[in-house]
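Biologist: I'd like a close look at one part of this model rather than a tour of the whole thing. Could you pick a pair of packed helices and walk me through them and what lies around them?

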Amino acid sequence: MHLMINTNIKYNESRFAAEMAAEKKGGVALAENGVLYFKYIVYPAALDTLPICKDNRISDIDRCITDLKSSVMFFVKVLQTMTGGEITAIPDNNSYIDKAIVLKHDTSLADKTHGQGFELRIQEKQITIASDDYQGISNGIYSFLEDSLGCMFATSDFDYIPHLQTIHLPRIYKTEVPDFQWRNIYSFEVDGSKNKSCSSNGLSWNTKLRLNAISSDWYNWCHTSFSYISPKEYFDTHPEYFSLYHGKRRYKQGPVDGQLCWTNEEVYRIISKKVFREMAENPDKHIWDISQMDNWINRGSGCQCSRCRAIDRAEGSQMGSLLTFINRLADECHEKFPDNYISTLAYNHTAVPPRTIRPRKNVIIKLCLMPGDCACSYAHPTGKNAEKAHNIVKQWGKIAQHIVIWDYLVNFHNYLMPHPPLYGIAENHKFYLKNHTYGIFHQMAYETHSADAEMSAYLISKSMWNKDTDISTLASKYLKVTYGDASPYLAEYYNTMYSDVLASKKQMYIYDAPSACAAKYFSRKCVTHYLNLIEKALKAVEDDAVLTRRVQRIKLNVLYLRAAAFSLHWRERLKALNEWKALCDSQGIVTVKEGETGKISDFYHKMKRKISVIPYVLSAVALLMGLIIFLL
């Protein structure tokens, strides 16, 4: 099943305000006619203690306190903006306060809320949001604002807050925990340290989306093996520490990094000694990654020495020798640091699980669905890449107790090529959960803005929290509140593109070029239709500079298709290229693909030269044909 944006249900703020104003049987009046009946937000007194910086780092608990502190102030601001009433934030002094929203840090809820979840009680005299963890309280705030009061934290610099002068809420008592324990979207838009256009309240969009990777138990993340045994330090004196590749010890395998020899006893001794020292020095971290270096799908492999090869052949996968090493380290870790975990990558040459070796209970497998396919769900694959992803998820799900899925939602060579966000989100998340997945790392473009990233990030974050989220209807509301009167045309734009992708029966590959899809969903005819819809969207909001700018962000993605198309229509390509460059400049977009060669200016000049050659080539061909005809 492939989701389309639900165009039958159209969000209307006035209708929503009327629904919120209607009295609920046995319900609770939060505000009436611009007067807030609940006068206080009571927060844990510990928030008034400033976070302690150690070695220029903030501990996880201090970061959560800082985030919750900002969230409380944001909570006040939203309720005042929403209703026009007044409400005050005060610290908890252990006394009962009537008509208050109480944010409660309650460690007795550990078995119910599990750190990330929360308990919500809406009663006549008090609304309580409680959790055993400060981040759980933050999550409760944003859940209450979205699910109970209709807010949407739609982009990094736009929060939709409906105007509701009268609010009647039903009585509620519920406990809510996220479906995925660990949730990350690796995206420029979501990363507050890179994207400076966060909301004016100073909170990162990451926090509002209830993602928890920013406050993480991870000491390090991936491709870490050379950080423990670096070629610079060890290769000259101990080449045997590194992989045997095509008959020679190497730390480079052509254009990609080589690997370590996982069966070398000294390699184990050096890494284990460093890891356990790090664990002793960092008691607030609980996950250590020891994983292979980066390589490409068909370039690079593990060590081919006789010991590594014997294990790998017996296990039918080069994960055999790596997981043997990881399990040994995990066993020793369990004895010395029983609360800690060892993680590793199942990636490219290690993606297939071994036949008989099983990850220990304290091992986390980060399963990379490379190369992936965004044109279908992995639960019901239609292409070979999706079939591969489906199979390895199920295979690892049978033998591993802790899996983090590394999901690719990006085109690394074409950040600004349209990347429809709805395919398979809900189905994939349900499929992952059935296969021992406790966390997801959704990768988008991390260097700069990419096509459709903000809507994708919003919808994905909701689905990671609750796998049963109605993505189709949520997308409809998202477009309405974010793009106003342009939303019907944008819904048609996305739905048309989805239909074109499905009809093409092509994969959406992470390195696709626009020309690869030129005969299908990015054909000249399709792109012309997409541009016509976007022009209608721009016309609908032409008097609103903010909405116009948002729609232009979508337009530049389609202009990129037209400019980069495999087409002899050089005038329309050149016109599109110039408009695209102007929009990129106005939007502050400077990168078009991954790596140092991806600068917008370089791409622009290179593409302009290519397009400018076309009329001369056509003239030469015409001249040659004329000469041939004359001679005949």
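**Helix α10 and its surroundings**

Modeller: Let's start with α8 and α10, whose axes sit 11 Å apart and make an angle of about 35 degrees. Bear in mind that this is a predicted model. The two helices cross in the right-handed sense. On the α8 side, the contact is made by Glu 265, Val 267, Tyr 268, Ile 271, Ser 272, Phe 276 and Met 279. Facing them from α10 are Phe 325, Arg 328, Leu 329, Glu 332, Cys 333 and Lys 336. Sorted by class, that makes eight nonpolar residues, four charged and one polar.

Now α10 itself. It runs over residues 319-336, 18 in number, and spans 25 Å between its first and last C-alpha, close to the expected 26 Å. Which of its residues are buried? They are Met 319, Gly 320, Ser 321, Leu 322, Leu 323, Phe 325, Ile 326, Asn 327, Leu 329, Ala 330 and Cys 333. Three names on that list, Phe 325, Leu 329 and Cys 333, also turn up in the contact with α8. As a rule, an α-helix has 3.6 residues a turn, so residues three or four places apart point the same way. But α8 isn't the whole cover: what lies over the buried residues of α10 also includes α9 (306-315), β20 (341-346), β21 (363-368) and α11 (384-399).

That brings us to the loop between β20 and β21, where you'll find Asn 362. Asn 362 counts as buried because its relative accessibility is 8%. Beyond its close sequence neighbours, Asn 362 touches Ala 330, Cys 333 and His 334, and also Asn 340, Tyr 341 and Ile 342. Asn 348 belongs to that β20-β21 loop too. Its phi is positive, about 50 degrees, although Asn 348 is not a glycine. For context, most residues other than glycine have a negative phi, and most peptide bonds are trans. Asn 348 is buried as well, at 11% relative accessible area.

Carry on past β21 and the loop leading to α11 holds Pro 371. Here the backbone has a cis peptide bond, joining Met 370 to Pro 371, with omega at about 5 degrees.

Since you work at the bench, you may be wondering about the cysteines. How many disulfides are there? The count comes to zero. Take Cys 305: the closest cysteine sulfur is that of Cys 303, and at 3.6 Å it is too far for a bond, because a disulfide needs the two sulfurs within 2.5 Å. Cys 374 is in no disulfide either, with the nearest cysteine sulfur, in Cys 376, lying 9.0 Å away. Both residues are buried: Cys 305 has a relative accessible area of 5%, and Cys 374 has 7%.

For a contrast with α10, look at α13, residues 453-465. Its 13 residues reach 18 Å from end to end, C-alpha to C-alpha, close to the expected 18 Å. In α13, 13 of the 13 residues are buried, so the helix is largely enclosed by the rest of the structure.

One last stop, back on the subject of phi. His 436, in the loop between α12 (425-433) and β23 (437-443), has a positive phi near 60 degrees and isn't a glycine. While Asn 348 is buried, His 436 is partly exposed, with 40% relative accessible area.

Definitions and conventions:
Residues numbered from 1 in each chain as written. Predicted model: local features only at pLDDT ≥ 70, side-chain atom pairs only at ≥ 80, totals over all residues. Heavy atoms only, no water. Helix = DSSP H or I, 4+ residues; strand = E, 2+ residues; numbered from the N terminus. Expected span 1.5 Å × (residues − 1). Buried < 20%, exposed > 50% of the residue type's maximum accessible area, 1.4 Å probe, protein only. Contact = heavy atoms within 4.5 Å. Axes fitted to C-alpha atoms, helices over the stretch in contact; angles between N-to-C directions. Left-handed = near helix turned anticlockwise from the far one by under 90°. Nonpolar A, V, L, I, M, F, W, Y, C, P; charged D, E, K, R; others polar.
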